[in-house]
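Here are my notes on the chain, point by point. Have the coordinates open while you read.

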Amino acid sequence: MAGRRGASRAGLSVLLLAGLVGCGGRTAPDTATAEVQRVLDRRATAVLHRDETAFRATGAAAGAGEGLANLRDVPLAAWSYRLAGLNRSGDRATARAELRYRIEGYDAVPVETDRTLGLIRTGGTWRVTSDRPAGKGGDQLWDEGAVTAVRGRSSLVLGVGQSGERLRSFADLADRAVPAVSEAWGTDWSRRVVVLVPESLEGMAGLLGAPASGYRGIAAVTIGEAGGAERGSSRPETGGGPAKAPADRVIVNPDAYGVLGDLGKQVVLTHETTHVATRARTTAATPLWLSEGYADWTGYRGSGRTPGQVAPELGRAVAEGRVPAALPDDEDFGFTADAGALARAYEGGWMACRLIADHWGEVRLNDFYRAVGDHGKRAGAVEGALRDVLHTTPQGFTRLWRQYLRGQLG
């Protein structure tokens with residue numbers, strides 16, 4: 001479901017920045033810049049080849065192999081550093097670098113994340129003393145501990161501090177979610193999903209580079225690691241044209257997820273997998289009532305749950321005569337909003353998508369979603385898709401939606 005956190009940028013060029021300023025305002029020598037880049041290149045090669053000896057040779061003695069040990073179970077197809085800045089003071093330096101990596105079989109484009117590396121020069125050689133997220137950027141999962149990987153038919157689950165049995169349960173849920181999403185949306189997506197399961201809520205917040213308090217009741221989120229928008233799943237019972245999709249990750253909050261029932265757990269994974277599938281057709285033009293409503297519609301599709309069961313908060317409002325005057329705004333989906341208002345926003349989006357599927361058919365619902373996203377910018381996107389796909393107006397659709405709420409929930 002909805003939210004924004006910094007997502008990484010994508011790119012493939014290799015660039016060494018000139019004029020890098022060191023301590024006291026002096027320019028870092030070109031030799032130091034080149035030497036550090038070579039050390040990072042050797043370190044990247046050691047990671048890819050799981051070469052502990054070579055990896056240790058690039059680091060200072062204390063804890064030199066820890067980072068590689070945390071990564072050992074992660075199936076990497078690529079790993080490289082691009083030096084972006086070097087601040088040197090004598091035999092110590094701090095480097096800014098872009099880490100680029102791909103998970104084998106899952107990432108169509110590299111994940112890019114900014115890193116800050118500490119370095120020390122000993123025996124004429126630069127060695128890495130630390131490698132951490134830059135600034136307020138989020139952790140990578142292996143920054144939080146040793147990663148365990150469990151493979152499903154259509155999923156890869158990576159966890160820290162979790163048993164293999166629990167990670168397998170996530171893989172089973174994701175493996176059921178993938179065909180369910182394809183049945184609803186179609187097969188024009190990767191049909192594979194990566195699920196990250198940190199040890200705790202705090203671990204989830206670390207991955208997102210955000211305070212834990214904002215995600216306390218959120219069961220899972222989906223982030224686009226190469227430029228997409230973060231989505232989240234907070235419900236107590238849940239969770240331009242085609243292009244190469246970013247490296248999406250479903251991130252689970254193990255604390256909130258653990259209190260869900262079996263259906264709720266499945267709906268969360270199906271909801272988040274829907275965000276992965278629709279990513280390439282979800283743009284700045286797509287309002288959150290549509291992207292979140294569609295993800296919920298897919299999650300509950302075929303569950304047999306009635307509107308009253310899925311939308312209790314909205315049902316109470318309708319029963320009390322408080323029928324919403326308009327579809328939810330993006331602001332209504334903020335994770336810090338009042339819990340009841342937040343639930344009504346999600347439920348209102350779900351009911352809007354359910355209305356389209358009931359009144360115009362599931363094919364038209366998909367066509368509508370794609371048409372809105374293809375518009376590229378928000379102004380006129382929904383209006384144009386209502387006109388061209390559903391042959392109605394915003395006023396007509398809102399009126400029909402309000403009638404639908406009364407009929408289904410009154």
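1. Before anything else, a word on "touching": two residues are in contact when heavy atoms lie within 4.5 Å. With that in hand, take Thr286, which touches Arg281, Ser291, Tyr369, Val372, Gly373 and Arg378 once residues up to four places away in sequence are set aside. Thr286 sits in the loop between helix 7 (262–278) and helix 8. Is Thr286 buried or exposed? Thr286 counts as buried because its relative accessible area is 4%, and the cut-off for buried is under 20%.

2. Keep in mind that this is a predicted model. Mean pLDDT for the chain comes to 88, with 86% of the residues at 70 or more. Residues 1–27 are a weak spot: pLDDT there is below 50, although the model gives this stretch 76 contacts beyond near neighbours in sequence. Another one is residues 226–231, where pLDDT stays under 50 and the model has 41 contacts beyond four places in sequence. Where pLDDT is low, predicted coordinates should not be read in detail, so I'd leave those contacts alone.

3. Now the overall picture. The chain has 14 helices and ten strands. Of its 410 residues, 54% are buried. About 17000 Å² is exposed, and carbon and sulfur atoms supply 49% of that area.

4. On to Leu156, which belongs to strand 6 (residues 155–160). Leu156 has a relative accessible area of 0%, so it is buried. Which residues is Leu156 in contact with, leaving aside neighbours within four places in sequence? The list runs Pro75, Ile103, Tyr106, Ala149, Val150, Arg151, Val193, Val194 and Val195. As a distance to check in your viewer, the C-alpha atoms of Leu156 and Phe170 are separated by 9.2 Å, with the two residues 14 apart along the chain.

5. Helix 4 and helix 8 deserve a look as a pair. Two packed helices are described by the angle between their axes and the distance between the axes. Here the axes of helix 4 (residues 164–185) and helix 8 (residues 288–300) come within 9 Å and cross at roughly 115°, and the crossing is right-handed. Helix 4 brings Ala180, Val181, Ala184 and Trp185 to the contact, while helix 8 brings Tyr294, Trp297 and Thr298. Sorted by class, that contact has six nonpolar residues, one polar and no charged ones.

6. Helix 5 (residues 201–208) is mostly covered, with seven of its eight residues buried. Those seven are Leu201, Gly203, Met204, Ala205, Gly206, Leu207 and Leu208. What covers the buried residues of helix 5? The cover includes strand 7 (193–197), strand 8 (220–224), strand 10 (248–252) and helix 6 (254–257). Right after helix 5 comes Gly209, with a positive phi near 65°.

7. Last one: Ala134, in the loop between strand 4 (125–133) and strand 5 (147–151). Ala134 is partly exposed because its relative accessible area is 22%, and the buried class stops at under 20%. Beyond its neighbours within four places in sequence, Ala134 is in contact with Asp114, Arg115 and Thr116. The C-alpha atoms of Ala134 and Ala97 are separated by 8.6 Å, though their positions lie 37 residues apart along the chain if you count from one to the other.

Definitions and conventions:
Residues numbered from 1 in each chain as written. Predicted model: local features only at pLDDT ≥ 70, side-chain atom pairs only at ≥ 80, totals over all residues. Heavy atoms only, no water. pLDDT = per-residue confidence, 0-100. Helix = DSSP H or I, 4+ residues; strand = E, 2+ residues; numbered from the N terminus. Buried < 20%, exposed > 50% of the residue type's maximum accessible area, 1.4 Å probe, protein only. Areas by Shrake-Rupley, 256 points an atom, 1.4 Å probe, with all protein chains shown as cover. Axes fitted to C-alpha atoms, helices over the stretch in contact; angles between N-to-C directions. Left-handed = near helix turned anticlockwise from the far one by under 90°. Nonpolar A, V, L, I, M, F, W, Y, C, P; charged D, E, K, R; others polar.
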